Amino acid sequence: MQMAHDPETPGADELDSPRRPALPDPQWRVGRCLGQGSSSSVWLVERLGERKRYALKMPHGQDALAEGYELRRELAILARYRHENLLGVEGILATAHGNGLLLEYAPGDSLSQLVAARGALSPGETVTVLVAVGRALECLHADGAVHGDVSPGNVLFTANGKPLLADFGTGRLLAEPEAGGTGTPGFMAPEIAAPTVKQGSPPAGDVFALGALGWFMLTGRPLVPGLRLPLSVLLPELPAALRDLVDSALEEDPDSRPGAGDFAARVLRACPAEPLDLLPAVHQSVVAELRTRRTSPSVRSRRVRKPRLREARRSGQ
């Protein structure tokens, strides 16, 4: 669910732009494109009567014309997994180009976009994301499911800055066999990227990706296989407990990695969590509703000086 350009912007290349869904129901309105990938695009839609917004995931090409059975099967499977840090699945919406999957709308954009806009995050912000994603993975793993593609484009944020893990496919949730490794380069466990490497339990692959997510947030860049310098060298000021936990999730041996829930709990104890500053990354249309933004130093200083001036006047100075 990587963020894409806004197709309403003049001059957008029509060949590269996803097809805008047409909704026959006048109670629904289609907004901007939130993102697109190789198999689908995601659109902002609003139900006018409720004034509530959703994300509509539309398959590309012929997939969009498939019978509704497969989409309803996907909905039934995804709806089983409910957690405050998993992106909500709301239902199915009919369009002129076939059915789409209606999802919770996360206006805070993605972790991928945030790091692209800001660079590396603070240790406290990193903890906030790792704890949320770790708890969401714990929920999936407890039911025998795996995510399979924990990556920056699949971590979204609410207006309050709460992280949501998105885009968990039904094949991975059901542990159905897939050909070759799946995932995002830089966030794939060695045993998934190279089948000849020692195989571990499927949840261990998600934990490696979680550690890679931590590396990405702390350094501002994804892992390069075989070129990982110790975090103690790259970031000597990083709290040692947090550094060691990220390293433990990135162990080559799958059996040496912690469980997702244990990892989340230990990360929370390793370093105080901080709210995320999402303002540099969000679309301009959602800036006003964003509730997680920091006051600039100049504004903070003005707020401190004014009370002092009032106190000086009271004292007659």
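This report describes a five-stranded sheet and the surroundings of one helical residue in a predicted model.

## Basis of the description

Because the model is predicted, local features are given only where pLDDT is at least 70 and side-chain atom pairs count only at pLDDT 80 or more, whereas totals for chains, interfaces and linings use all residues. Residues are numbered from 1 along each chain as its sequence is written, and side-chain values use heavy atoms, with hydrogens and water left out.

## The sheet and its order

Five strands form an open sheet in the order β1-β2-β3-β5-β4, with antiparallel pairing; strands, like helices, are DSSP runs numbered from the N terminus (E, at least two residues, for strands; H or I, at least four, for helices), and two strands pair if DSSP finds at least two bridges between them. Strands β1 (28-36) and β4 stand at the edges with a single partner strand each, so one side of each is left without a neighbour in the sheet. On average, and with direction ignored, neighbouring strands of this sheet are turned by 35° against each other, where axes are lines fitted to C-alpha atoms, for helices over the stretch in contact, and angles run from 0 to 180 degrees between N-to-C directions.

## Pairing of β2 and β3

Strand β2 (residues 40-47) pairs with β3 in the antiparallel sense over eight bridges, and Ser-40 has Pro-59 in β3 as its bridge partner. The two strands form a hairpin with four residues between them, and Arg-51 in the turn has a positive phi of about 55°.

## Strand β5 and its two neighbours

Strand β5 (residues 98-104) has five of its seven residues buried, so it is largely enclosed by the rest of the structure; buried means under 20% relative accessible area, exposed over 50% and partly exposed in between (1.4 Å probe, protein chains only).

Strand β3 (residues 52-59) runs antiparallel to β5 and is joined to it by four bridges; Tyr-54 has Glu-104 as its bridge partner in β5, and Lys-57 stands opposite Leu-101. Strand β4 (residues 89-95) is also antiparallel to β5, with six bridges between them, and Val-89 stands opposite Leu-103. A hairpin through two residues connects β4 to β5.

## The setting of His-141

His-141 lies in helix α3 (residues 123-142), and it counts as buried because its relative accessibility is 18%. Leaving aside residues up to four places away in sequence, His-141 touches Val-146, Pro-203, Asp-206 and Ala-260, contact meaning heavy atoms within 4.5 Å. His-141 and Gly-259 are 118 residues apart in sequence, while their C-alpha atoms are 9.1 Å apart in space.
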